[in-house]
Structure formats: structure tokens, C-alpha cells
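Please open the model in a viewer and keep the selection panel at hand. The tour below proceeds from one selection to the next.

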Amino acid sequence: MGWLVRRMGVADVVTLLNGAVGFGAGVVAFHDPGLAARLVLLAAILDAIDGIVARRFGNTEAGPLLDSITDVVSFGVTPALLVVAVGEGAYGPPGTAPLALTAGILATGALFVLLSVVRTAMYTTYVDPDDDRPGVQNTLAATIVAAAYLADVLPPWALLVLTAILAAAMVAPLPYPKLRAGDAMVLGLVQVAAVAVPTAFSALFPRIILVAATAYAIGAPWFYWGKNGGTTVSRVD
């Protein structure tokens with residue numbers, strides 16, 4: 001174990017914590033979707049923190065790979081489990097939904113996972129860390145899904161449609177500028193509030209996140225003022 005500890009840094013610990021939180025969200029998704037959505041938002045906060053810690057204390061050779069792997073867990077697999085749980089739960093106990101509907105729900109979740117994996121693998125391999133990356137970040141897509149559920153503004157079928165759209169957007173040929181540090185800080189504080197008190201003020205904090213994240217997802221390739229002046233809030237994305 002000594003060789004392993006010597007090769008890991010502080011940022012790697014935060015990254016692994018992100019993966020553990022994402023795993024926990026997946027475990028509880030079918031029992032408590034609200035808690036799962038909050039844990040997805042918490043994982044996104046940790047994803048930003050590990051980038052900050054890496055810049056402060058230095059990165060390790062394995063750091064970017066660890067970040068990519070945990071991103072697939074927390075922002076690919078877990079949001080997919082969340083939407084499958086919500087979709088199936090809307091029609092009663094597991095196994096009671098029509099077969100065709102269940103197949104569509106599972107296909108939507110699988111599509112989100114697979115395109116998250118494709119995006120992470122392709123862009124980690126072929127796009128330089130300082131470049132604007134094509135496609136919606138999987139962290140952003142997962143944040144939108146979780147915030148949409150907590151905001152309670154969409155029926156289950158609409159959440160499934162949104163998930164499918166975000167899956168396709170993750171591999172869309174549109175360059176996304178990095179989020180400015182100040183903007184990330186403000187959204188991070190709102191995200192902390194959404195995790196801690198998601199129903200406060202009629203779900204105000206998840207709704208703010210949903211609006212802000214969706215606006216960035218739609219308009220950032222053309223209008224975001226952070227272009228050429230942004231900063232990476234994750235180690236690889």
C-alpha cells in the first residue's frame with residue numbers, strides 16, 4: 001500500500017470522494033430519488049473542488065485518469081439510474097409499467113451512460129486540457145438532470161426527454177468555454193444551498209441552478225463572456 005499512497009495526492013483523495021458520493025447516489029436512487037439528486041449535486045461540488053486542490057497542491061500523473069473514471073460514475077451512471085428510478089416510479093412499483101415503456105426508460109438511461117463514456121474517453125484522449133471542449137460537459141448534464149428533479153418542474157416523461165437531449169448534447173460539435181472562477185463560485189454556493197435545503201423557498205435553489213445551468217448549456221458556445229478568460233473547475237473537463 002505504501003507505493004500507492006506515495007503516488008496519490010490531496011486532489012486524488014477529493015476525486016475518490018466524488019466517486020464514493022456518486023456511488024452512494026446510485027445506491028439510493030430507487031429508494032430516495034431526492035437524496036440521490038442531492039448527492040449528484042454534491043459530487044459536482046467535489047468535482048470542482050478537486051480541480052482547485054490540484055492547482056493549489058499539484059496534480060499527479062494518475063489524477064486526470066482518476067477524474068475521468070469518477071466522472072463516468074458520478075455524472076454518467078448515477079444520473080441515468082436516477083432518471084430510470086423516476087421514470088419507473090411514476091407508474092407504480094417496479095415491474096408494473098408496460099414493457100415497451102420500461103424499455104424506453106432503460107434505453108434513455110443507457111444512452112446517457114454510453115455517450116458520457118464516449119465523451120470522457122474521446123476528449124480526454126484527443127483534446128488538450130486548455131482547449132474548449134466540444135459538447136456539454138457530463139458534469140453539467142448531470143447537474144441539470146438533478147436540479148430539474150429537485151426543482152419539481154417537469155413530469156417524469158419530460159425529465160426522460162431532457163435526459164435524452166442532454167445525452168446527445170454531450171457529443172455535439174459545439175465548443176464550450178471554461179467557466180470563469182467567479183461564476184463557478186457563485187453557482188457553487190447556490191449548489192451547496194440546494195444540497196442542504198432543496199425545498200426551501202419553494203425549491204428556489206434547485207430552480208436557480210436549473211435556469212443558470214440550462215442557459216449555459218444553450219448559450220455558452222456563442223454568448224458566454226468567460227471565453228478566452230475562463231478557468232477549469234475540474235481537472236480534465
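A crossing of two helices is called left-handed if the near helix is turned anticlockwise from the far one by less than a right angle, and right-handed if clockwise. The model on display is a predicted one.

**First stop: α5 and α7**

Select residues 99-126, which form helix α5, together with residues 156-169, which form helix α7. The crossing of this pair, α5 and α7, is left-handed. Their axes lie 9 Å apart, and the two helices pack at an angle of about 25°. Angles under 35 degrees count as roughly parallel, and α5 and α7 are therefore roughly parallel to each other.

Now display the side chains where the two helices meet. On α5, select I105, T108, L111, F112 and L115; on α7, select L160, T163, A164, L166, A167 and A168. The contact of α5 with α7 comprises nine nonpolar and two polar residues, with no charged residue.

**Second stop: α6**

Move next to residues 138-151, helix α6. At 1.5 Å a residue, the 14 residues of α6 should span 20 Å, and this agrees with its end C-alpha atoms, which are 20 Å apart. Is α6 mostly covered, or mostly open? Of its 14 residues, 13 are buried, so that α6 is mostly covered. Just after α6, select D152, which takes a positive phi of about 60°.

**Third stop: α6 against α9**

Keep α6 selected and add residues 200-223, helix α9. The axes of α6 and α9 come within 8 Å and cross at roughly 145°. In passing α9, α6 makes a left-handed crossing. To see the contact, select L140, T143, I144, A147, A148, L150 and A151 of α6, then A203, P206, R207, I209, L210, A213, T214, Y216 and A217 of α9. The residues of this contact of α6 with α9 divide into 13 nonpolar, two polar and one charged.

**Last stop: A194**

Finally, select A194, which is placed in helix α8, residues 181-196. Buried or exposed: which word applies to A194? A residue counts as buried under 20% relative accessible area; A194 has 0% and is therefore buried.

Show the surroundings of A194 as well. Leaving aside residues up to four places away in sequence, A194 touches R38, L41, F205, P206 and I209. Add L204 to the view: A194 and L204 are ten residues apart in sequence, and their C-alpha atoms are 8.1 Å apart in space.

Notes:
Residues are numbered from 1 along each chain as its sequence is written. This is a predicted model: local features need pLDDT of at least 70, side-chain atom pairs count only at pLDDT 80 or more; totals for chains, interfaces and linings use all residues. Side-chain values use heavy atoms; hydrogens and water are left out. Axes are lines fitted to C-alpha atoms, for helices over the stretch in contact, and angles run from 0 to 180 degrees between N-to-C directions. Helices (H or I, at least four residues) and strands (E, at least two) are DSSP runs, numbered from the N terminus. Contact means heavy atoms within 4.5 Å. Ala, Val, Leu, Ile, Met, Phe, Trp, Tyr, Cys and Pro count as nonpolar, Asp, Glu, Lys and Arg as charged, and the others, Gly among them, as polar. The expected span of a helix is 1.5 Å times one less than its number of residues. Buried means under 20% relative accessible area, exposed over 50%, partly exposed in between (1.4 Å probe, protein chains only). Angles under 35 degrees count as roughly parallel, over 145 as roughly antiparallel, 65 to 115 as roughly perpendicular and the rest as oblique.
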